[in-house]
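Subject: Structure handover

Hello,

Here is the structure you asked about. Please open it first, then read the notes below it.

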Amino acid sequence: MEMERKLSLEFARVTEAAAVASARWMGRGDKHKADEAATEAMRAVFDTLDIRGEVVIGEGEMDEAPMLYIGEKLGTGYGPALDIAVDPLEGTNLVAKGLNGAIAVVAAAPKGCLLNAPDMYMEKIAVGPAAAGKIHLDAPVKDNLKIVAESLNKSVSDLTVVILDRPRHEKIVKEIREAGARIMLISDGDVSPAIACAFEDSGVDMMIGIGGAPEGVLAAAALKCLGGELMGRLVPENDEQMERCRKMGLSDPRQILTLDDLVKSDDIFFAATGITNSNLLKGVRFTANGASTHTLVVRGKTGTIRFIEALHRFDKKPLYNLAGLNV
Ligand SMILES: O=P(O)(O)OC[C@H]1O[C@](O)(COP(=O)(O)O)[C@@H](O)[C@@H]1O
């Protein structure tokens with residue numbers, strides 16, 4: 001119990017380090033460098049943790065990602081065996097362009113508890129605790145909006161729905177507008193707004209649309225801890241992706257995935273640190289000899305929600321200065 005408790009703060013250190021390293025690349029137009037910096041920093045902190053971790057959602061397969069690839073072992077090799085889902089930089093374009101909404105994210109659960117979602121698309125709908133258990137991915141969007149509005153005791157016209165600005169969403173955007181709700185179209189980064197639904201003062205009431213499947217599992221892990229809901233369905237686009245789904249144990253690759261299918265246990269840790277500002281978290285700010293970070297840490301077992309504002313001193317803690325200034 002004691003060790004587990006401590007672990008949630010350790011995961012905050014992991015995302016803090018990734019966020020600081022990545023933030024150094026804000027607006028520099030190089031999403032790969034920003035991602036590389038985040039990945040390198042995240043891995044360096046993971047290596048200090050007493051866990052027997054294995055990446056189940058990561059930067060890609062072993063042959064395509066140098067670090068934090070699926071199957072990579074993390075930690076000192078002592079401590080609990082955990083499956084780890086990472087996105088050291090969720091929203092690579094956002095950092096490259098200096099836009100809002102980029103976060104560094106980690107979720108961890110006992111072995112076998114996180115859906116090992118491959119890199120493909122997923123249809124998703126996410127809401128906060130008030131509407132959890134009441135919405136459905138296949139319900140008409142106007143019905144879902146009505147339910148969310150009723151649950152939050154406000155009118156549909158006062159709801160804010162976040163959706164990725166993509167041609168594939170034209171129809172659903174039209175339907176949301178016809179229903180009268182407000183829309184926030186975002187260029188990237190659907191994890192942060194999905195989590196923001198769980199906080200009534202975030203200004204986000206629903207996230208909907210097709211985005212990455214790994215991002216869907218990460219958001220689901222957070223929403224499970226926070227009492228919200230995310231429902232999804234994979235969108236395999238070719239035979240290879242269909243086969244991939246079957247290998248994951250999904251006899252029907254197009255089946256609805258409930259929160260319990262995506263994340264099978266309550267025994268989860270989730271941490272996210274803001275890289276650029278968002279409705280959920282402040283972005284990294286650099287000071288004379290350090291940086292400040294804003295992190296959400298939740299532990300599924302207890303449901304405790306922590307927002308941690310930290311000031312990191314590079315002179316005393318060089319680990320946080322991995323991306324250095326040699327850029
Ligand atoms: O850009 P696409 O192909 O529509 O994919 C959407 C997915 O990409 C993201 O916007 C960001 O992904 P990256 O961080 O890998 O750039 C996700 O938040 C989202 O789920």
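One definition before the ligand: a residue is near a molecule if its C-beta atom, placed from the backbone, lies within 6 Å of it. Keep in mind that this is a predicted model.

**Ligand shell**

The ligand has 14 residues around it. Nearest to it come Thr92, Asp188, Gly211, Gly212 and Glu215. By class, the shell holds three nonpolar, six polar and five charged residues. Three elements each give at least two residues to this shell: strand 3 (81-90), helix 3 (92-97) and strand 8 (206-212). Both domains take part, as domain 1 and domain 2 each provide at least three shell residues.

**Domains**

Domain 1 covers 1-112 + 267-313, and domain 2 covers 121-262. Their centres, taken over C-alpha atoms, are 23 Å apart. Across the boundary, 24 residues of domain 1 are in contact with 22 residues of domain 2. On the domain 1 side, at least two residues each come from strand 3, helix 3, strand 4 (103-110), strand 10 (269-274) and strand 12 (290-299). That side of domain 1 divides into 14 nonpolar, seven polar and three charged residues. Note that strand 3 and helix 3 turn up in two places: they supply residues to the ligand shell and to the side of domain 1 that touches domain 2.

**The five-stranded sheet**

Five strands make an open sheet, in the order 7-6-8-5-9, with mixed pairing. Its edges are strand 7 (182-186) and strand 9 (229-235), each pairing on one side only. From one strand to the next, the twist averages 15°. In general, strands of a sheet pair through backbone hydrogen bonds, either parallel or antiparallel. Strand 6 (residues 160-164) and strand 7 run parallel and are joined by five bridges. Within that pair, Ile163 stands opposite Leu185 of strand 7.

Helix 7 (residues 213-226) lies across strand 5 (121-127), strand 8 and strand 9. The helix runs at about 165° to strand 9. Strand 8 also supplies at least two residues to the ligand shell.

**Record annotation**

Which residues does UniProt list for "binding site"? The unreviewed entry gives Asp35 and Glu59. They are spread over 25 residues of sequence, yet they cluster in space, with a largest C-alpha distance of 9.3 Å. Asp35 sits in helix 2 (residues 31-46).

Best wishes

Notes
Residues are numbered from 1 along each chain as its sequence is written. This is a predicted model: local features need pLDDT of at least 70, side-chain atom pairs count only at pLDDT 80 or more; totals for chains, interfaces and linings use all residues. Helices (H or I, at least four residues) and strands (E, at least two) are DSSP runs, numbered from the N terminus. Ala, Val, Leu, Ile, Met, Phe, Trp, Tyr, Cys and Pro count as nonpolar, Asp, Glu, Lys and Arg as charged, and the others, Gly among them, as polar. Domain bounds come from an automatic or database domain assignment. Two strands pair if DSSP finds at least two bridges between them. Axes are lines fitted to C-alpha atoms, for helices over the stretch in contact, and angles run from 0 to 180 degrees between N-to-C directions. Two residues are in contact if their C-beta atoms, placed from the backbone, lie within 7 Å. UniProt positions are given in the numbering used here, feature names are shortened, and annotations may be inferred rather than shown by experiment.
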